[in-house]
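Here are my notes on this one, point by point. Have the model open while you read.

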Amino acid sequence: LLSIVAILTVPAADVSAQAKARSALDRDLDGYAISTCLMEADNTALKEQGARWAGAIVQRSHGPIKAFSPIADAVRAEIKEKGFAQGHDEGPVASGAIAMPMLTCGEMTDQPKVVYAMSKAKAALRRHYRVSK
């Protein structure tokens, strides 16, 4: 309860500053990694949403589109190596493992190969997005 009160009492200016902390480039790099991951899921709706999200990023992006390709390659390599996280139902009638692509994709930007690919893309795109170091 205390944490909820703390959140509700944060001045609007502080929240606004935090919301602006990520640059458009960082948002696009993160989004591209996550959307690419969703396209690898064994779920038609997630694949379509991932493709649409990646397409939107490509349309609004600045600089060479090819700079994003290593991110997609790193995401696919990560999924090929580790697969999607698996969940299990709890209770008296437990089901088998169920793929959890939302969990895997939501955490994809923390995977070392993906972080490295994103850092290379950021270096290549920084001047196009007018982002300082």
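1. What percentage of the 133 residues in the protein is buried? Buried residues come to 32%, where buried means under 20% relative accessible area, exposed means over 50%, and partly exposed is in between (1.4 Å probe, protein chains only). Keep in mind that this is a predicted model, where local features need pLDDT of at least 70, side-chain atom pairs count only at pLDDT 80 or more, and totals for chains, interfaces and linings use all residues. Residues are numbered from 1 along each chain as its sequence is written, and side-chain values use heavy atoms, with hydrogens and water left out.

2. Overall layout. The protein has 7 helices and 2 strands, in the order α-α-α-α-α-β-β-α-α along the sequence. Helices (H or I, at least four residues) and strands (E, at least two) are DSSP runs, numbered from the N terminus. Of the contacts (heavy atoms within 4.5 Å) with a separation of 6 or more, 62% are between residues 24 or more positions apart. The exposed surface is about 8,700 Å², and carbon and sulfur atoms supply 57% of it; these areas come from the Shrake-Rupley method with a 1.4 Å probe, and for residues only the protein chains shown count as cover.

3. Helix 3 deserves a look. It covers residues 24-39, and its end C-alpha atoms are 22 Å apart, which agrees with the 22 Å that its 16 residues should span at 1.5 Å a residue. The expected span is 1.5 Å times one less than the number of residues. Helix 3 is largely enclosed by the rest of the structure, because 12 of its 16 residues are buried. Its buried residues, including Asp28, Asp30 and Thr36, pack against helix 4 (44-60), helix 5 (69-82), helix 6 (101-106) and helix 7 (112-129).

4. Now the core. The largest nonpolar core holds 27 residues, and Leu29, Phe68, Ile71 and Val75 touch the most other members. By nonpolar core I mean a set of buried Ala, Val, Leu, Ile, Met, Phe, Trp, Tyr and Cys residues joined through side-chain atoms within 4.5 Å. Helix 3, helix 4, helix 5 and helix 7 each give two or more residues to this core, and helix 3 gives the most, with 7 residues.

5. How many aromatic pairs does the structure hold? There is 1. The ring centres of Tyr32 and Phe68 are 5.1 Å apart and the planes are at 55°, so the pair is tilted. For the cut-offs, rings of Phe, Tyr and Trp (its six-membered ring) pair if their centres lie within 6.5 Å; planes under 30 degrees apart count as stacked, over 60 as edge-to-face and the rest as tilted. Tyr32 sits in helix 3 and Phe68 in the loop between helix 4 and helix 5, 36 residues apart. Tyr32 is buried at 14% relative accessible area, and Phe68 is buried at 1%. Leaving aside neighbours within four places in sequence, Phe68 also contacts Asp28, Leu29, Ile57, Ser61, Leu125 and Tyr129.

6. Two residues to click on. Ser35, in helix 3, is buried with a relative accessible area of 0%. Not counting residues up to four places away in sequence, Ser35 touches Gly50, Trp53, Ala54 and Ile57. Cys105 lies in helix 6 and counts as buried at 1% relative accessibility. With the same sequence exclusion, Cys105 touches Ile34, Cys37, Leu38 and Phe84. The C-alpha atoms of Cys105 and Met39 are separated by 9.8 Å, with their positions 66 residues apart along the chain.
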